[in-house]
Amino acid sequence: MSKKIVFSGIQPSGVPALGNYIGAMLNFKALQDEYNCLYCVVDLHAITVRRAPELFGDHVRRLFALYIAAGLDPEKNTIFVQSHVPEHSQLAWLLNCYTYVGELGRMTQFKDKSRKNEDNINAGLYTYPVLMAADVLLYGAHLVPIGDDQKQHMELCRDIAIRFNKIYGDVLVVPEIMIPKIGARIMKLQDPLHKMDKSESENLNNSIFLLDEPDIVMAKMKKAVTDSDALVKYDTENKPGVSNLLTIYSRLTKISIQDAEREFEGKNYGFFKNAVGEAVVETLRPIQDEYKRLRADDAALDVLMKKGAEKARAIAAKVMDETSKAIGFI
Ligand code: TRP
């Protein structure tokens with residue numbers, strides 16, 4: 001039996017944060033042997049917000065290189081850049097015609113982002129989930145690992161596929177949503193009620209970025225918000241800061257939350273934060289080394305990118321063709 005297909009993507013905006021690593025990349029890595037995985041740098045999604053053209057290319061290469069540096073094997077997986085496969089835009093248009101404005105208007109991310117970008121509420125921001133649906137449906141993906149903030153978009157993707165199939169027969173694969181139980185949401189270090197973000201601009205101490213130097217990591221960890229109990233215990237409701245640090249520690253060291261609680265019993269927060277900081281530094285070290293190696297030769301990196309796009313396109317072209325035929329295009 002052939003392997004099931006996994007698709008996921010990350011936007012090339014800002015330097016990926018520890019939240020992206022734990023919530024997405026670690027999970028991607030765990031899937032790469034069992035599934036046929038496609039991991040995409042979703043640059044088309046990124047232009048819903050204005051980007052400086054002279055930096056954009058570097059940000060795309062950076063994320064592409066970080067996927068590989070984080071342990072995703074470009075031979076085993078299909079790692080590629082969204083805009084290199086024009087079928088994404090093409091299928092997105094078709095799917096726009098099978099999506100209702102009422103559905104798009106209900107998307108909480110659209111409402112949030114419109115509030116934040118009042119001067120640029122463009123149509124792309126609105127139809128963003130349709131492009132996301134196209135990404136997934138273009139490869140017949142069975143499984144889509146995402147953070148829980150993308151759940152509503154993926155539910156819409158399923159609805160669009162089901163609607164399309166109702167009209168035309170079983171053309172599109174209806175994907176399953178996969179949300180990791182622990183670590184799906186790494187929170188901001190100084191505001192543990194909100195998700196850690198790679199586009200953090202207000203307070204850089206909220207996010208640890210994958211390219212942060214060790215002393216920066218340790219300093220940010222030291223400033224992380226905890227509480228006044230002096231008790232290392234997992235309790236997201238009453239102790240969101242400590243719980244967040246425990247999640248980070250547990251995911252990076254593969255020690256269970258319970259064992260970690262035991263390990264830090266009777267220890268003060270300074271000791272605890274230091275241990276979490278060291279776990280982060282040790283995790284980032286090999287990633288940063290490999291990243292530097294890859295970025296020392298962008299020409300070689302671009303060859304990998306091109307190969308990834310060719311692999312992706314071979315599948316995408318087929319699904320695009322079947323979808324067009326189903327609609328009746330000649
Ligand atoms: N919208 C996702 C995010 O911001 C990124 C994304 C784009 C994606 N296309 C996708 C994720 C397809 C999973 C599948 O996190």
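# Ligand contacts and fold, asked and answered

Q: What makes the pair between a nitrogen atom of the ligand and the side chain of Gln150 a polar contact?
A: In this predicted model, an N or O atom in the side chain of Gln150 sits 3.0 Å from a nitrogen atom of the ligand. The cut-off for a pair of N or O atoms is 3.5 Å, so this pair counts.

Q: What about Asp135: how far is its side chain from a nitrogen atom of the ligand?
A: For Asp135, an N or O atom of the side chain is 2.7 Å from a ligand nitrogen atom. That is within 3.5 Å, so you can call this one a polar contact too.

Q: And what puts Tyr128 on the list?
A: Here a polar side-chain atom of Tyr128 lies 2.7 Å from a nitrogen atom of the ligand. Set against the 3.5 Å limit, the Tyr128 pair therefore qualifies.

Q: How much of the ligand's accessible area does the protein cover?
A: On its own the ligand has 360 Å² of accessible area, and the protein covers 89% of that.

Q: Which pocket does the ligand take up?
A: The largest pocket is the space the ligand takes.

Q: Which elements give two or more residues to the shell around the ligand?
A: Those are strand E1 (5–10) and helix H7 (123–137). H7 gives the most, with four residues.

Q: What makes a residue part of that shell, and how many surround the ligand?
A: A heavy atom within 4 Å of the ligand does it, so 13 residues are in. The closest are His45, Tyr128, Met132, Asp135 and Gln150. By type, the shell divides into seven nonpolar residues, five polar and one charged.

Q: How do you know that the chain agrees with a compact globule?
A: A compact globule of 330 residues would have a radius of gyration near 20 Å, and the chain has 21 Å, so the two agree. Along its principal axes, the C-alpha trace spans about 70 × 45 × 45 Å. The chain holds 13 helices and seven strands.

Q: Why point out a positive phi in a residue other than glycine?
A: Because most residues other than glycine have a negative phi. Ala230 has a phi near 55°, and this residue lies in the loop between helix H9 (214–222) and helix H10 (240–253). Lys254, also not a glycine, has a positive phi of about 60°; you'll find Lys254 in the loop between H10 and helix H11 (257–263).

Definitions and conventions: Residues are numbered from 1 along each chain as its sequence is written. This is a predicted model: local features need pLDDT of at least 70, side-chain atom pairs count only at pLDDT 80 or more; totals for chains, interfaces and linings use all residues. Side-chain values use heavy atoms; hydrogens and water are left out. A polar contact is a pair of N or O atoms within 3.5 Å; within protein, one must be able to donate a hydrogen and the other to accept it, and residues adjacent in sequence count only if both atoms are side-chain atoms. Accessible areas come from the Shrake-Rupley method with a 1.4 Å probe; for residues, only the protein chains shown count as cover. On a 1 Å grid over the protein atoms alone, a cavity is a set of points where a 1.4 Å probe fits but cannot get out, and a pocket is an open set with protein on both sides within 12 Å along at least five of seven lines; lining residues have an atom within 4 Å of a point. A molecule sits in a cavity or pocket if more than half of its atoms lie within 2 Å of its grid points. Ala, Val, Leu, Ile, Met, Phe, Trp, Tyr, Cys and Pro count as nonpolar, Asp, Glu, Lys and Arg as charged, and the others, Gly among them, as polar. The radius of gyration is taken over C-alpha atoms; the globule rule is 2.2 Å times the number of residues to the power 0.38.
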